[in-house]
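Reader: I'm new to this one. Could you walk me through how the ligand sits?

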Amino acid sequence: MELWFSEYQSKNVKFSLRIKNMLYSIKTPYQSLSVFENEDMGMVMTLDDVVQLTTKDEFIYHEMISHVPLFTHKSPKKVLVIGGGDGGTVREILKHPVKEVHLVEIDEQVVEASKKFFPTLSSGFSDPRTKIFFEDGIEFVKMNAGYDVIIIDSTDPLGPAVGLFSKDFYENVFNALNEDGIMVAQTESPFFYGEFLKRVSSDISSLFKYTSIYTAVIPTYPGAYWTFTLGSKTIEPASIDFEAIPGIDTKYYSREIHKGCFALPPFVKKAISN
Ligand code: AG3
């Protein structure tokens, strides 16, 4: 008998992955967490039946959420990741000469599952520069500061993650950043979340001098076409010296991709315009 996992990408669109092996399925204090294997996409992690990553395409998301803000900043020393308990973002950040990476993940079970089933993602947890806090990111940013870059690697804006997309939260992120600080948040697909993207980018641009939306193609996320929204206090993302970006070991991110990823098609521009 064939077993399938399905995610509602919208009320009327479902995305399915065949389960070759169900490896793990638990209820944590915050959400349900599953790990299974799919013949084509590799290992898959879901939270509350939402695909968080597959080992086949996670590199695109994790490289883009990390290297774009880090190379825009040029010399980040202290970086904060909110969410991202699988470790993929931390792994990418550690490719930079940073001094400290703080990961604030509310659900310890996500980190534990990643250590067990996703060694290629969780590799950075044992790096001496990494410090993990099992806390609520919303509270954490109110109490901590001094970051050069803050990356919000959250799940969808539903349930416990809603607060990670609020204007109050972005204001606390702004205050937790140094004076040339940069934040970036994963901000969903313009296909299914156009209104949301408009609201979030306008909230971020009411706080930061520069706000830029950039995109990447992530086959296993709804719409496959994904956005990230970056807020920068003093550095203008479009006018950095792209030629000065050093070579780095990546599979999606490159100098050319960095330059081009801010180009938005007219339908996205229209979705976020007033
Ligand atoms: N954060 C999850 C992105 C949201 C995916 N949404 C969806 N499948 N509906 C990524 C976690 C990986 N660090």
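Author: Let's start with a term: on a 1 Å grid over the protein atoms alone, a pocket is an open set of points with protein on both sides within 12 Å along at least five of seven lines. The space taken by the ligand is the largest pocket. This is a predicted model, where local features need pLDDT of at least 70 and side-chain atom pairs pLDDT 80 or more, while totals for chains, interfaces and linings use all residues. Residues are numbered from 1 along each chain as its sequence is written, and side-chain values use heavy atoms, leaving out hydrogens and water.

Reader: What makes a residue count as surrounding the ligand?

Author: One of its heavy atoms has to lie within 4 Å. That gives 14 residues, with Glu-7, His-62, Asp-86, Asp-153 and Asp-156 the closest.

Reader: How do you know that His-62 makes a polar contact with the ligand?

Author: A polar contact is a pair of N or O atoms within 3.5 Å. A ligand nitrogen is 2.8 Å from a side-chain N or O atom of His-62, so the pair qualifies. For Asp-156 the distance from a ligand nitrogen is also 2.8 Å, and for Asp-153 it is 2.9 Å.

Reader: Why is the ligand said to lie between domains?

Author: Domain 1 (3-54) and domain 2 (58-273), whose bounds come from an automatic or database assignment, both give residues to the shell, so the ligand lies between them.

Note on methods. Polar contact = N/O pair within 3.5 Å; in protein donor to acceptor, adjacent residues only side chain to side chain. 1 Å grid on protein atoms, 1.4 Å probe; cavity = no way out; pocket = protein on both sides within 12 Å on 5 of 7 lines; lining within 4 Å. Sits in = over half its atoms within 2 Å of the grid points.
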